[in-house]
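Ready to hunt for empty space inside a protein and for greasy spots on its outside? Grab a pencil and work through the exercises below.

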Amino acid sequence: MMTSPVIQPNQESQPTQGYDITGVEESLRPNDPEKRIMSPLSFGLAFTGDGVSLGNMAIGTGLVVAGTATMNFLQTMVSLLIATTIIGAAFLMNDGFGYRNGVPYVIHLRMAFGMKGAILSSILRGVPAIVWYGFQSWIGATGLSEIIRIATGGKINSIPISFVILVIIQIVLSLKGFHTIKWLNSLIAIVLMSSFVYAAVVVLKDHSAVIHSTWVEAKGTWGLPFWSFTMAFLGNYAALFLSASDYSRELKVGVSAPKRFFMYFTPVTVTYFTVMSLGVMLAAATGLANPVQAFAKIVNNDYITFIVSVFVVLGAVAVNLIANIVPAAYIIQLFTKVKYKVSVVIAGLLAMVSFPWKLIQPGSSDGLRIFILTYSAFLAPITAILVVDYILLRKKKVDIHELYNPNGQFSGLNMAAVIAMVIGAASAFTVVDLGWPIGLVVGGISYYLLNKYGFKQSVFKKGTIFEK
């Protein structure tokens, strides 16, 4: 009989019933503290590597419309700071379960939704992961295509071919999961942050006047567009902090909550500021929404373009490794029962057919912003439900092995969670630009009230403050 997972000493936990999880795929089992590989430094660098994202830069290019920035510099920075503070807090509220128990997101979901309900909520996390995987790879492929073009003297120049090659490379790199992420993302984070700062200096040197007039001196607004872009900044990370358990389960024990907050907040803020600002400056100088094409137009030098393209490829790989491939692979395992390595291959194949090139066009990145706002409307109430369930209703006391028991308390469908998710998502779509906070608040309150006043005989009330 398998014993319960080793748990952090200060955790409040009910005794487990000893359900044998030896038949569960190893990557989905609770991750014991002695097997965790991420130190606070490597953890922070991993999120730095994730933040150096062409998606983040594309949000910056999306601020410039018809040669004028939607928000001026001050408004942009305030918007960004509001978003990153909420991002850090959201990570902290939702990472505790995985950090204490070593359980991944797809198993974490069962606590509130049940095994059957986790299927739907997993899809709502898995689809954005796959699409983002494809999008980052497509943007990275524009860089790889430039590398191949220059290396072959212009004989080979194909983004679709480069896209397929890059996905295959990422599949190979991701086969070992966080063991690869630990060292590769740390290296990429340092290299890319340095390169993007250099790129910003290059752009400012020759285009400071147009950047100043387009962005710094722009009238901008503190109205709905301000909050819309704040939600876009925020929504870009909505999928990550929803599946926070996938990352916190790899962090070594003994890190306090305040330290964990700053481990999220600091790299996200620094990288978001650097990368997004560069995106705004590139769009102001060129009028192009695709940051890779914009920089190539500014530089117009094969040597520098080659170096920058290498960084673009590395950035796409870094983001996909931590933000998209691992969560998608876990979710595919949940559905197919295949081994982790097989699920990684399936995730790559799905990314290839996700039509990521539709999200961003030469003159606009509105497709990307709409995509972020749409899926975050669904993910916000799920985040609230997980937090309310674990912290408020269960007071952090959970029988971990019962989450794996196909005949146990969490084996069915918790209608309270499903209904709260639907209510939260529906409310989010009433004002799409503010969908995330609306969906979060409404979804969380709905779940609490449904548990308090409804479903009197629900087995999911066992172990909560509403258990009779």
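Here are three exercises on this predicted model, each with a worked solution.

**Exercise 1.** Find out how many cavities of 30 Å³ or more there are, and describe the lining of the largest cavity.

*Solution.* Start by counting: the structure has three cavities of 30 Å³ or more. Next, pick the largest cavity, with a volume of about 120 Å³. Its lining is made of 13 residues, and Asp-50, Asn-236, Leu-240, Val-319 and Ala-323 lie nearest the centre. Now look at the helices: H4 (105–151), H8 (238–242) and H12 (302–336) each supply at least two lining residues. Finally, sort the lining by class, and you get six nonpolar, five polar and two charged residues.

**Exercise 2.** Work out what lines the second largest pocket.

*Solution.* First, the space: about 380 Å³ lies in this pocket. Then list the lining, which has 17 residues, with Val-24, Leu-28, Arg-110, Leu-334 and Lys-337 nearest the centre. H4 and H12 each supply at least two of the lining residues, and H4 gives the most, with four. By class, you should find 11 nonpolar, two polar and four charged residues.

**Exercise 3.** Locate the nonpolar patch on the surface, then decide whether Val-127 is buried, partly exposed or exposed.

*Solution.* The patch is formed by Ile-119, Ile-123, Val-127 and Phe-335, which together have about 330 Å² of accessible area. H4 provides the largest share, three residues. Val-127 sits in helix H4. Its relative accessibility is 47%, so Val-127 counts as partly exposed, a label for values between 20% and 50%.

Key. Residues numbered from 1 in each chain as written. Predicted model: local features only at pLDDT ≥ 70, side-chain atom pairs only at ≥ 80, totals over all residues. Heavy atoms only, no water. 1 Å grid on protein atoms, 1.4 Å probe; cavity = no way out; pocket = protein on both sides within 12 Å on 5 of 7 lines; lining within 4 Å. Points joined across faces, edges and corners; volume = space filled by probe spheres on them. Nonpolar A, V, L, I, M, F, W, Y, C, P; charged D, E, K, R; others polar. Patch = residues over 30% accessible without salt bridge, like charges linked within 9 Å, V, L, I, M, F, W, Y side chains within 5 Å. Areas by Shrake-Rupley, 256 points an atom, 1.4 Å probe, with all protein chains shown as cover. Salt bridge = Lys/Arg side-chain N within 4 Å of Asp/Glu carboxyl O. Buried < 20%, exposed > 50% of the residue type's maximum accessible area, 1.4 Å probe, protein only.
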